[in-house]
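Good morning, everyone, and thank you for making time for this. I would like to walk you through one structure, slowly, and then stay with a single part of it.

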Amino acid sequence: MKGKHQRRKKATIFRIFLVPLIVIMLVQSSITIGTLVVRKTTEMLEEYSSGMMNRLVENRKVILQNDMNQRWASVRDQEVLMDEILKQFLNSEKVGLEEVLSSHEMKDKLLEELFPECLNLLQNNSTTGIFFVLTGMDMQTETDFDGFFIRDSDPNTNPANYTDQIRRLLCIKK
């Protein structure tokens, strides 16, 4: 008789804890699902997350624009030096700008004069690359332009022999 009485007690204790627990879980689930459906919480969460992503993208855009403007400003200061190299080249060759832009050989010579200075400029700035393109007088027509692009994938490291830039040199001359 003791064995039967203990079994019933264990079964009732088990039922006392399990049944209310299941009921509570079902009530909580129905409240959660009801809240999601009635208040359209999923739509609000989607709108909120897309809004957050849009703000994040907008903030990143502003940060990148500011960074680019600051880097371009440091490179733009070298415009006077490039103009001086161009004037010296025109004087040494005794030609005008139109003649240089119409001759492939003259363009090549000018680019050879400008290349070392652009390499130094890249070495001494935090920019990751420099484009130099001779566009000519009429920039509205589709055509091939002479120029070069030097890339420095690690502007914080500056070896004395320019090996990090020269390995990544890409000529866009056509």
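I will begin with the overall layout and then turn to the aromatic rings.

Please keep in mind throughout that what you see is a predicted model. The chain has six helices and three strands, and if you follow it from the N terminus, the elements run α-α-α-α-α-β-β-α-β. Of its 174 residues, 19% count as buried, while the accessible surface of the chain comes to about 13,800 Å², with 59% of that belonging to carbon and sulfur atoms.

Now to the rings: the structure holds three aromatic pairs. One of them is formed by F115 and F148, which meet edge-to-face, with 5.2 Å from centre to centre and 75 degrees between the planes. This pair links distant parts of the chain, since F115 sits in helix α5 and F148 in strand β2, 33 residues apart.

Are these two residues buried or exposed? F115 is partly exposed, at a relative accessible area of 22%, whereas F148 has 4% relative accessibility and therefore counts as buried, the cut-off being under 20%.

F148 also pairs with F132, and here the ring centres are 5.7 Å apart with the planes at 15 degrees, so this pair is stacked. Because F132 lies in strand β1 and F148 in strand β2, the pair ties together parts that are 16 residues apart in sequence. F132 is buried as well, with a relative accessible area of 18%.

If we put these pieces together, ring pairs link F115, F132 and F148 into a cluster.

Terms used: Residues numbered from 1 in each chain as written. Predicted model: local features only at pLDDT ≥ 70, side-chain atom pairs only at ≥ 80, totals over all residues. Heavy atoms only, no water. Helix = DSSP H or I, 4+ residues; strand = E, 2+ residues; numbered from the N terminus. Buried < 20%, exposed > 50% of the residue type's maximum accessible area, 1.4 Å probe, protein only. Areas by Shrake-Rupley, 256 points an atom, 1.4 Å probe, with all protein chains shown as cover. Phe/Tyr/Trp six-rings, centres within 6.5 Å; stacked < 30°, edge-to-face > 60°.
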